[in-house]
Amino acid sequence: MARIVQKFGGTSVADIDRIKNVALRVKREVDAGNEVAVVVSAMAGTTNQLVDWTRQISKLHDAREYDAVVASGEQVTAGLLALALQDLGVNARSWLGWQIPLRTDGVHGKARIEGIDTALMRERMAQGQVPVVAGFQGLGPDNRITTLGRGGSDTSAVALAAALSADRCDIFTDVDGVYTTDPRIVAKARKLDKITYEEMLEMASQGAKVLQTRSVEMAMNHRVRVQVLSSFVDLPGTLVVDEEEIVEKEIVSGIAYSRDEAKITLVRVADRPGVAAAIFGPLADAAINVDMIVQNVSEDGKATDLTFTVTKADLDRAVKVLEENRGLLGYEDLSRDANVVKISVIGVGMRSHAGVAQKMFRALAEKGINIMVISTSEIKVSVLVAEDYTELALRALHSAYGLDAA
Ligand code: ADP
Ligand code: ASP
Ligand code: MG
């Protein structure tokens, strides 16, 4: 007997037929003698709709009420799936975040999980009951509903698997595993049988939305065995594993992209010590994260251009902060560009191989794609290019690194 957490994403519970299909999958594991806990997302499109409604009502919404609204999608699917299971003769009940409780910090809209009290749930599971947990939601220290950030049901599932000491956490989605890059954009993307925690973490944080970044962090820290697989076909998925479990290490194992970035350039900033601190200090104070940064060499030793990226959502606020501090910073002009995409090549093999970045630059140059900003870390190289080139760049890089499916 194994203890398994199964998570079903939005497309897997998009309508009543699909929820019934999910119930059959859950029943199969139960019939095989396993102890199963289920985590569900809202029906596909529901969370977007809810977010949009809060925006239509008020732009600067109260984040606590935002959470009260957007968490509601998962309540519906948890209840419906529990009903579908009961209809199949499976003893099941729904659990909302506050009922468990799944406790989080108070950062509404992107709360972090602090603890899950599973005592009662374990008791019920031991009696043969299947808990159907509403993903994405928790209970804050202010005793109010919180949500875990977009894609947060993945994190609910992994956290529950850790808290229940589950043998496995299966993440069912609309693709049959983790691919070398987004299979919806690159037809030649290849499914990976295994990917390391580190690479998956980098892929997720660089934009591959197949798993929420925090869910991978959590899986890595608690050594949860995560599998990504399809809820529509019966095929083995992708296992997220330790590096030692991978024999054939590719230099580059995946390519991710993020359309979530926006670029700001400050033209002719004074070239003297303390200027970078003066610019990024106020941004940090406003809780705006800066990602990539490039500073040009100044030609006359007096002034230089400084380019950096923030998320698209923070762009307006960032520009406002910089304009308010213009007197202090003394730049001549400010330009902004939201039509950019960050493309990252990722692989643990990079640690021991040179020339990975060079190959990237050459492949993009051959397609006439201009690179605006570059940043690197131990296992990734990222570039910022014009958003219109997203598909062309992904396909060119996918071929250049020999990742294309035969
Ligand atoms: P769910 O609703 O099940 O949580 P998501 O939409 O959050 O599903 O994540 C699945 C999507 O992630 C896929 O449909 C795919 O377009 C996208 N994706 C991006 N990069 C990758 C990748 N490298 N491998 C697989 N899917 C990816
Ligand atoms: N329903 C939430 C979202 O769309 C959480 C999730 O699906 O993981 O972001
Ligand atoms: Mg998701």
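This report walks through two ligand sites, a central strand, a helix and a loop residue in a predicted model.

Residues are numbered from 1 along each chain as its sequence is written, and chains are lettered from A and ligands numbered from 1 in the order in which they are written. Since the model is predicted, local features need pLDDT of at least 70, side-chain atom pairs count only at pLDDT 80 or more, and totals for chains, interfaces and linings use all residues, while side-chain values use heavy atoms, with hydrogens and water left out.

## The two ligands

Let us start with ligand 1. Its shell holds 18 residues, each with a heavy atom within 4 Å of the ligand. The closest are Thr 173, Asp 174, Tyr 179, Asp 182 and Arg 184. By class, the shell contains eight nonpolar, five polar and five charged residues. Here Ala, Val, Leu, Ile, Met, Phe, Trp, Tyr, Cys and Pro count as nonpolar, Asp, Glu, Lys and Arg as charged, and the others, Gly among them, as polar.

Ligand 2 is surrounded by Ser 41, Ala 42, Thr 47, Glu 74, Phe 136, Arg 150, Gly 151, Gly 152 and Ser 153. This shell divides into two nonpolar, five polar and two charged residues.

The table gives polar contacts, that is, pairs of N or O atoms within 3.5 Å (within protein, one must be able to donate a hydrogen and the other to accept it, and residues adjacent in sequence count only if both atoms are side-chain atoms).

| Ligand atom | Protein partner | Distance |
|---|---|---|
| Ligand 1, oxygen | Gly 10, backbone N or O | 3.2 Å |
| Ligand 1, oxygen | Asp 182, side-chain N or O | 2.9 Å |
| Ligand 1, oxygen | Arg 184, side-chain N or O | 2.8 Å |
| Ligand 2, nitrogen | Thr 47, polar side-chain atom | 2.8 Å |
| Ligand 2, nitrogen | Glu 74, polar side-chain atom | 2.6 Å |
| Ligand 2, oxygen | Gly 152, backbone N or O | 3.4 Å |

Taken alone, ligand 2 exposes 260 Å², of which the protein buries 86%. For ligand 1 alone the exposed area is 570 Å², and the protein buries 88% of that. These areas come from the Shrake-Rupley method with a 1.4 Å probe; for residues, only the protein chains shown count as cover.

## Strand E2 and its neighbours

Helices (H or I, at least four residues) and strands (E, at least two) are DSSP runs, numbered from the N terminus. In strand E2 (residues 35-40), six of the six residues are buried, where buried means under 20% relative accessible area (1.4 Å probe, protein chains only). Glu 35, Ala 37 and Val 39 point one way from E2, while Val 36, Val 38 and Val 40 point the other way.

E2 pairs in the parallel sense with strand E1 (residues 3-8) over six bridges, and two strands count as paired if DSSP finds at least two bridges between them. In this pairing, Phe 8 stands opposite Val 40. The chain passes from E1 through helix H1 (residues 16-31) to E2 in a right-handed β-α-β crossover: with the strands pointing away from the viewer, the path from the first strand over the helix to the second runs clockwise. E2 also pairs in the parallel sense with strand E6 (residues 130-134), over three bridges. There, Val 40 stands opposite Ala 134.

## A loop residue and a helix

Gln 129 sits in the loop between helix H5 (119-126) and E6. This residue is buried, at a relative accessible area of 14%, and its side chain makes a polar contact with that of Asn 91 (3.2 Å).

Helix H7 (residues 197-205) is mostly covered, with seven of its nine residues buried. The buried ones are Tyr 197, Glu 199, Met 200, Leu 201, Glu 202, Met 203 and Ala 204. Just after H7, Gly 207 takes a positive phi of about 120°.

Key
Buried means under 20% relative accessible area, exposed over 50%, partly exposed in between (1.4 Å probe, protein chains only).
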